[in-house]
Amino acid sequence: MSVRVGTADFDVSAEMARIAGNDTDIGGVAVFVGKVRGRADGQDLVSMTLEHYPGMTETELERIETEAQHRFNLSASLIVHRIGTLKPGDNIVLVIACAPHRHDAFAAAGFLMDYLKTRAPFWKQETLANGKSRWVAAKESDDTAAAAWRSKPAD
Amino acid sequence: MTATPQFRPTKPESDSPGSREVVLRYFAWLREKIGTGEERMTLPPTITTVSDLLHWQVTRGHPFDAAFAKPDAIRVALDHAHAKPTATIANAREIAFFPPVTGG
């Protein structure tokens, strides 16, 4: 179980090999990669800058990972989140969930992303082709997705 | 007849209830509106909850009045943990204010 926050890009295969290692109890690995879209609300995007709250970010990501361990039968997991200025097509976030069976891997990856979206202290600012910058507004659908997990108690 | 001197124990300032020095942190558009990411502040003793704190910010004049005009739109963390408006500030040393998060 680990979390990492930084400006560097990640290599999905290398990260997967690193956390799954030689654990032959793992029967399934779910990987999610979040990327920067080139368009936002019909406008071309030049870049996206991610700000975060150093200290709280790592603490909160670890809390989210611990919660996932309680809810699902997980063998290993990883959250990597980038900060700084990124271009369309760049990777933003990587979530890997390894489990003996696929249902736990899929569900845990979904849970980690839903919680990260509503609890980890990151903020996105978009710079548009017209030269303007704007802070991305939080989506109600993200709150709804996280709330749906809360109504499902951990086993 | 000698009057017994009245002994009045005094507490150090930092232990007095409700009045303590804290670090306030601001992020994203809130940081931009306020013009700084961090300030040290001794909170008025009347502030006990997160909600009290949000409403106190509005009373601080420019630029806080505009930045905190919609307190419901602002989230608060006490010592790196999310806190609801009803939460008690207690002995938190670092209090952060920010818009709803948008990572991932």
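**Entry 1: a residue pair in chain B**

I started with Val76(B), which stands opposite Phe97(B) in S5(B). The model is a predicted one, and I read every entry below with that in mind. Next I looked up the strands around this pair. Strand S3 of chain B covers residues 75-78 and strand S5 of chain B covers residues 94-98; four bridges join them, and they run antiparallel.

**Entry 2: the sheet of chain B**

I then traced the sheet in chain B. It is an open sheet of five strands, in the order S2-S1-S5-S3-S4, and its pairing is mixed. Which strands stand at the edges? I found strand S2 (38-42) and strand S4 (81-83) of chain B there; each has a single partner strand, so one side of each is left without a neighbour in the sheet. I also noted the turn between neighbouring strands of this sheet, which is 30° on average with direction ignored.

**Entry 3: the sheet of chain A**

I moved to chain A, where four strands form an open sheet in the order S1-S5-S7-S2, again with mixed pairing. Strand S1 (2-6) and strand S2 (28-35) of chain A take the edges; because each has a single partner strand, one side of each lacks a neighbour in the sheet. Neighbouring strands here are turned by 10° against each other on average, direction ignored.

I checked how S1(A) is held to its partner. Five bridges join S1(A) to strand S5 (residues 76-82) of chain A, and the two run parallel. In this pair, Ser2(A) stands opposite Leu78(A) in S5(A).

**Entry 4: helices on the sheet of chain A**

I looked up what lies against these strands. Helix H2 (residues 56-71) of chain A lies across S1 and S5 of chain A, and runs at about 150° to S1(A). Helix H3 (residues 102-119) of chain A packs on the sheet as well, touching S2, S5 and strand S7 (91-99) of chain A. The direction of H3(A) makes about 145° with that of S7(A).

**Entry 5: where the chains meet**

Last, I looked at the contact between the chains. I have 22 residues of chain A in contact with 14 residues of chain B. On the side of chain A that touches chain B, strand S4 (43-52), H2, H3 and strand S8 (122-128) of chain A each supply at least two residues. Which element gives the most to that side? I found H3(A), with five residues; this helix also packs on the sheet of Entry 3. I sorted the chain A residues of this side by type and got 13 nonpolar, five polar and four charged.

Key:
Residues are numbered from 1 along each chain as its sequence is written. Chains are lettered from A and ligands numbered from 1 in the order in which they are written. This is a predicted model: local features need pLDDT of at least 70, side-chain atom pairs count only at pLDDT 80 or more; totals for chains, interfaces and linings use all residues. Two strands pair if DSSP finds at least two bridges between them. Axes are lines fitted to C-alpha atoms, for helices over the stretch in contact, and angles run from 0 to 180 degrees between N-to-C directions. Two residues are in contact if their C-beta atoms, placed from the backbone, lie within 7 Å. Ala, Val, Leu, Ile, Met, Phe, Trp, Tyr, Cys and Pro count as nonpolar, Asp, Glu, Lys and Arg as charged, and the others, Gly among them, as polar.
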